[in-house]
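Student: I would like to go through this model with you and ask, at each step, what the wording rests on.

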Amino acid sequence: MNYWLMKSEPDVFSYDDLVAKGKAEWDGVRNHAAQGHMKAMRKGDLSIFYHSNIGIEAVGIMTIVEEAAPDSTDDTGKWIAVHVAPHRKLDKPVTLKAMKADSALADMVMLRQSRLSVSPLTKAQFDHIVAMSKA
DNA sequence: GCCAACGTTGGC
DNA sequence: GCCAACGTTGGC
């Protein structure tokens with residue numbers, strides 16, 4: 001099982017929107033590094049749902065329910081998307097500020113490359129963020 | 001609104 | 001293949 005972190009602007013698509021839909025295509029990713037991570041995703045992997053721009057915090061956990069397939073919003077046939085479903089909401093959001101301040105997360109890919117919308121997490125990093133959400 | 005980071009485009 | 005110009009993302 002692998003762990004990931006995926007960003008969305010909540011005014012476009014929020015964690016609550018995903019809960020309301022039950023399942024959604026994670027489309028519109030147009031970055032090769034992020035695409036590579038999505039291709040590596042397997043059914044049952046878990047991902048942190050992070051709100052960028054507004055909130056700027058991790059808010060929930062989702063499950064990968066369908067592996068990489070052509071992105072339905074793409075005409076060129078070049079890009080893929082995965083499907084995700086809500087797993088559970090975090091008890092308390094974990095802010096970017098808190099993650100940056102925590103030395104246990106110093107090597108997090110998202111913190112090193114702030115513009116990357118899909119990034120991998122180690123199990124330790126994933127567990128740490130979940131623990132922070134309960135503190 | 002600004003700016004840093006970084007990806008893409010196009011001229012050479 | 002290099003690199004300057006430009007556009008976008010995302011945090012502040």
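Student: Across which strands does helix α5 lie, and what makes you say that it lies across them?

Tutor: This is a predicted model, and in it helix α5 (residues 123–132) lies across β1, β3, β4, β5 and β6, running at about 55° to β3. Contact here requires C-beta atoms, placed from the backbone, within 7 Å. Helix α2 (residues 32–39) likewise lies across β1, β4 (57–70), β5 (80–95) and β6, and runs at about 50° to β6.

Student: Why are β2 and β6 called edge strands?

Tutor: The open sheet of six strands has the order β2-β5-β4-β3-β1-β6, with mixed pairing. Both β2 (24–26) and β6 (118–121) pair on one side only, and they are therefore its edge strands, given that pairing takes at least two bridges. Neighbouring strands of this sheet are turned by 40° against each other on average, direction ignored.

Student: How do you know that β1 and β3 pair?

Tutor: Strand β1 (residues 3–8) and strand β3 (residues 46–51) share six bridges in the parallel sense, and the cut-off is at least two, so they count as paired. Within them, leucine 5 stands opposite isoleucine 48 in β3.

Student: What makes a residue count as being around DNA strand B, and which residues are these?

Tutor: The C-beta atom, placed from the backbone, has to lie within 6 Å of the strand, and the residues around DNA strand B are Asn31, His32, Ala33, Gln113 and Arg115. By kind, this surface divides into one nonpolar, three polar and one charged residue.

Terms used:
Residues are numbered from 1 along each chain as its sequence is written. Chains are lettered from A and ligands numbered from 1 in the order in which they are written. This is a predicted model: local features need pLDDT of at least 70, side-chain atom pairs count only at pLDDT 80 or more; totals for chains, interfaces and linings use all residues. Helices (H or I, at least four residues) and strands (E, at least two) are DSSP runs, numbered from the N terminus. Axes are lines fitted to C-alpha atoms, for helices over the stretch in contact, and angles run from 0 to 180 degrees between N-to-C directions. Two residues are in contact if their C-beta atoms, placed from the backbone, lie within 7 Å. Ala, Val, Leu, Ile, Met, Phe, Trp, Tyr, Cys and Pro count as nonpolar, Asp, Glu, Lys and Arg as charged, and the others, Gly among them, as polar.
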